[in-house]
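Q: I've got a structure open here and want a quick walk through it. Can we start with the pockets?

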Amino acid sequence: MADSVLYEVTDGLATVTINRPDAMNAMNTETKAALRDALRAAGADTAVRAVLLTAAGTRAFCVGQDLKEHVGNLAADRESGSKLTMSTVSEHYNPIVRALTEMPKPVVAGVNGVAAGAGFGFALAADFRVVADTASFNTSFAGVALTADSGVSWTLPRLIGASRASDLLLFPRSVKAQEAYDLGIANRLVPAESLHAEAEAVARALAAGPTVAYAALKESLAYGASHSLSEALEREDVLQTRAGASEDHSIAVQAFLSKQPPRYLGR
């Protein structure tokens, strides 16, 4: 795996770190491919029970597309008459967001600094966001004459409402950490110096939890976002039957009755 993305698994937690701090963790082609592959690996690894997505340095979580590389790619497209540059959406950004949202285990984003453009999208695609009080968010897309990608058109209005999402997309600006918390973008706001410890603690707590149930919860929420109440009730029935048949459910019930903390197996 490329040095621009670090990947480590310890005690059921996969930590995926975007590692281009000198470039504010911008996404060049190598980094996009490495992030996609790392998240796919985490999703497929049965030893991984939760994922922490974070970034190196203190300035940025991810500022989205590496525009220096992008300019060169656009020039090459003009010379060749091709449209390869924007294929990065289908080759990289869409698979990254799908890996985050469809992963059958919880994903925590530890947002240490600026999250802009696709970086904002990656944070929104996580299930839980722990945000440093020095961090900020920016849609950025319209500022460079582009539309939304990385799932922002879907995730942002569902978090903050269509009207506020339109405002932030049409008039890109820096949304500071406290406002992001007030809007519901950040789940937890912490001092910058505590960000990595707090985000890891949240992710490890989830890794130790009933991950079969967490996977069902993720699927239920995604399904309910685009289906009727009747359809959602039917899906809940299917998913609850699955969760009820898990070893973790039996462990939880026995622990409750014996007044002991459960020790989940993730199956």
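A: Sure, and keep in mind that this is a predicted model. The second largest pocket holds about 280 Å³ of space.

Q: Which residues are closest to the centre of that second largest pocket?
A: Val 63, Gly 64, Gln 65, Leu 67 and Val 144 are the closest to the centre. The lining has 17 residues.

Q: Which helices supply at least two residues of the lining there?
A: Helix 2 (67-80) and helix 3 do. Helix 3 gives the most, with three residues.

Q: And how does that lining split by class?
A: Nine residues are nonpolar, seven are polar and one is charged.

Q: OK, now the largest pocket. How much space lies in it?
A: About 880 Å³. Its lining has 27 residues.

Q: Which of them lie nearest the centre of the largest pocket?
A: Thr 101, Ala 125, Ala 126, Asp 127 and Trp 154.

Q: What elements should I highlight for the lining of the largest pocket?
A: Take helix 3 (88-102), helix 4 (118-125), strand 7 (128-132), helix 5 (152-160) and helix 9 (211-224). Each supplies at least two residues of the lining.

Q: How many charged residues are in the lining of the largest pocket?
A: Six. Another six are polar, and 15 are nonpolar.

Q: Switching to sheets. What is the strand order in the open sheet of six strands?
A: The order is 1-2-3-5-7-10, and the pairing is mixed.

Q: Which strands stand at the edges of it?
A: Strand 1 (5-10) and strand 10 (188-190). Each has a single partner strand, so one side of each has no neighbour in the sheet.

Q: What's the twist from one strand to the next?
A: It averages 20°.

Q: In what sense do strand 7 and strand 10 pair?
A: Parallel, over three bridges. Val 130 stands opposite Arg 188 in strand 10.

Q: What packs on that sheet?
A: Helix 1 (residues 29-44) does. Helix 1 touches strand 1, strand 2 (13-18) and strand 3 (50-55). Its direction makes about 15° with that of strand 1.

Q: Back to strand 1 and strand 2. Parallel or antiparallel?
A: Antiparallel, over six bridges. Val 5 has Ile 18 in strand 2 as its bridge partner.

Q: How many residues sit between strand 1 and strand 2 in the hairpin?
A: Two. Asp 11 is in the turn, with a positive phi of about 50°.

Q: What about the open sheet of four strands, what's the order there?
A: The order is 4-6-8-9, with mixed pairing. Strand 4 (60-62) and strand 9 (175-176) are the edge strands, and each pairs on one side only.

Q: How do strand 6 and strand 8 pair?
A: Strand 6 (residues 114-116) and strand 8 (residues 136-138) are parallel, with three bridges. Ala 115 stands opposite Phe 137 in strand 8.

Q: Last topic, helix packing. What is the angle between helix 9 and helix 10?
A: About 170°, with the axes 10 Å apart. Helix 10 covers residues 229-244. Angles over 145 degrees count as roughly antiparallel, so helix 9 is roughly antiparallel to helix 10.

Q: Which residues meet in that contact of helix 9 with helix 10?
A: Helix 9 brings Val 212, Ala 216, Glu 219, Ser 220, Tyr 223 and Gly 224. Helix 10 brings Glu 231, Ala 232, Arg 235, Glu 236, Leu 239, Arg 242 and Ala 243.

Q: What's the class mix in the contact of helix 9 with helix 10?
A: Six nonpolar, two polar and five charged residues.

Terms used
Residues numbered from 1 in each chain as written. Predicted model: local features only at pLDDT ≥ 70, side-chain atom pairs only at ≥ 80, totals over all residues. Heavy atoms only, no water. 1 Å grid on protein atoms, 1.4 Å probe; cavity = no way out; pocket = protein on both sides within 12 Å on 5 of 7 lines; lining within 4 Å. Points joined across faces, edges and corners; volume = space filled by probe spheres on them. Nonpolar A, V, L, I, M, F, W, Y, C, P; charged D, E, K, R; others polar. Pairing = 2+ DSSP bridges. Axes fitted to C-alpha atoms, helices over the stretch in contact; angles between N-to-C directions. Contact = heavy atoms within 4.5 Å. Parallel < 35°, antiparallel > 145°, perpendicular 65-115°, else oblique.
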